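Student: I would like to take a close look at a single part of this model, namely the charged pairs between its side chains. Could you take me through them slowly, and then show me what sits around them?

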Amino acid sequence: SEFLQKDYEQTIITIIGYLVNVMFFYSVYTIIFVCDGIKDRILCLGMVIFASLFLRNRELNANFKTICLTVLFVLNARNKNPKVLLWITYIVGWFEILLSFILSRLEIIPAYVYSGTRHGFGSVYPTDLACHFLVLVITICILKKGKLNVFDYGWYLLISAVNYVYMQAKTGVLLVLLVLVGNAIYQYLIPYMKVPEKLVTVYKAAMVIIYPFFAAVTIIWTKLFVDTPDSFLHKFNSIRLRFVYGNDAMNTYGISWWGVYFKEVGNGGVPGKRVDYYFVDISYVRILLQQGIIFFALVLFIYTLTQFKFIKNGMLYFAYLFAVFALDCAIEHHIAHIT
């Protein structure tokens, strides 16, 4: 128990280090035995090289190797059953959350509480845990193709209530409810409605451009933001601070092709608010500043291409789920996290 209290994060970092090595070796197996044809092998080899160079030169939080692991997981998912991978993701995700909750209640790992009322339940910060909820509800919606049952709706409504009362991660609550409401409309109303063709066309266009749109809006707003006492954002202080620190980071460190590392101090993992708090929350601004123009363009291209393929293949519901995540990235910093 004392070991876990003191060194559990270092233990996780060590496990992730071994996992990266395993994934690299499995990548070699994938390239030799799973890939089909020279072009496929060259593409996957390029991904391995990219992951290696990125880890060596650009991975800002090298302990967790977030971006490197993401690339390797994508590569090694080659020719695997996506439904099996998603079920594994969903089951492991909830297992980790529930295990962390139990261990934190037993005081085996820290049970962080912020501002006296905001509980992390074994997670380092309530907003991080809320984003897990969002990703998991999107995952189950994809797995079931929008055909949720009463238990699914009940479970995530219960989770939203727990979040609202004990975690107070308001963005997470709203976005999970947005997924559930959108799913209910898709499941129970759309089959019995005649949707105008023009509205469908507008919807399709909006889904394709939604990531570049939110990126442009948040970056321009952050760059031009001026904090004044009479600003309406003073009524929404957590949102206001996103623009305050983002604007300061833009003016201080600038925008470059490969990004600039700068030290950040968040509130996670401490009993009270830090006086030296400095954190860029908006995902699009964060990637542009820290990873640079090229990586920022690559991320937007991948998400936009995904949305385009959803629309092209008539998967309008899946495009909606990814659009909710695009909105999350306009407020929070989780877009580049492996979770």
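Tutor: A salt bridge is here a side-chain nitrogen of Lys or Arg that lies within 4 Å of a carboxyl oxygen of Asp or Glu. Side chains of opposite charge can pair when their charged atoms come close. Please keep in mind that this is a predicted model. By the rule just given, the count comes to four salt bridges, and we can look at some of them in turn.

Let us begin with aspartate 40 and arginine 78, whose side chains meet with 3.0 Å from N to O. Aspartate 40 belongs to helix 2, while arginine 78 is in the loop between helix 3 (66-76) and helix 4 (82-105), so this salt bridge ties together parts that are 38 residues apart in sequence. The two partners are covered as follows: aspartate 40 is buried, with a relative accessible area of 10%, whereas arginine 78 is partly exposed, at 34%.

A further salt bridge joins aspartate 227 and arginine 240, at 2.9 Å from N to O. This pair links distant parts of the chain, since aspartate 227 is in the loop between helix 8 (197-224) and helix 9 (237-253) and arginine 240 is in helix 9, 13 residues apart. Here aspartate 227 counts as partly exposed, with 35% relative accessibility, and arginine 240 counts as buried, with 13%.

Next come arginine 286 and glutamate 264, which form a salt bridge with their closest N and O atoms 2.8 Å apart. Because arginine 286 lies in helix 10 (residues 283-290) and glutamate 264 in the loop between helix 9 and helix 10, the pair ties together parts that are 22 residues apart in sequence. Both arginine 286 and glutamate 264 are buried.

To see some of the surroundings, return to helix 2 (residues 38-57), where phenylalanine 50 is also found. Phenylalanine 50 counts as partly exposed, because its relative accessibility is 31%, and together with Leu298, Phe301, Ile302, Leu305 and Phe308 it makes a nonpolar surface patch of about 530 Å². Helix 11 (residues 292-312) gives the most to this patch, with five residues.

Finally, consider the cysteines, where the structure holds zero disulfides. Cysteine 35 is in no disulfide, and the nearest cysteine sulfur, that of cysteine 44, is 3.5 Å away, while the cut-off for a disulfide is 2.5 Å. Cysteine 35 is buried, with a relative accessible area of 5%.

Conventions
Residues are numbered from 1 along each chain as its sequence is written. This is a predicted model: local features need pLDDT of at least 70, side-chain atom pairs count only at pLDDT 80 or more; totals for chains, interfaces and linings use all residues. Side-chain values use heavy atoms; hydrogens and water are left out. Patches are made of residues with over 30% relative accessible area and no salt bridge: like charges are joined within 9 Å, nonpolar side chains (Val, Leu, Ile, Met, Phe, Trp, Tyr) within 5 Å. Accessible areas come from the Shrake-Rupley method with a 1.4 Å probe; for residues, only the protein chains shown count as cover. Helices (H or I, at least four residues) and strands (E, at least two) are DSSP runs, numbered from the N terminus. Buried means under 20% relative accessible area, exposed over 50%, partly exposed in between (1.4 Å probe, protein chains only).
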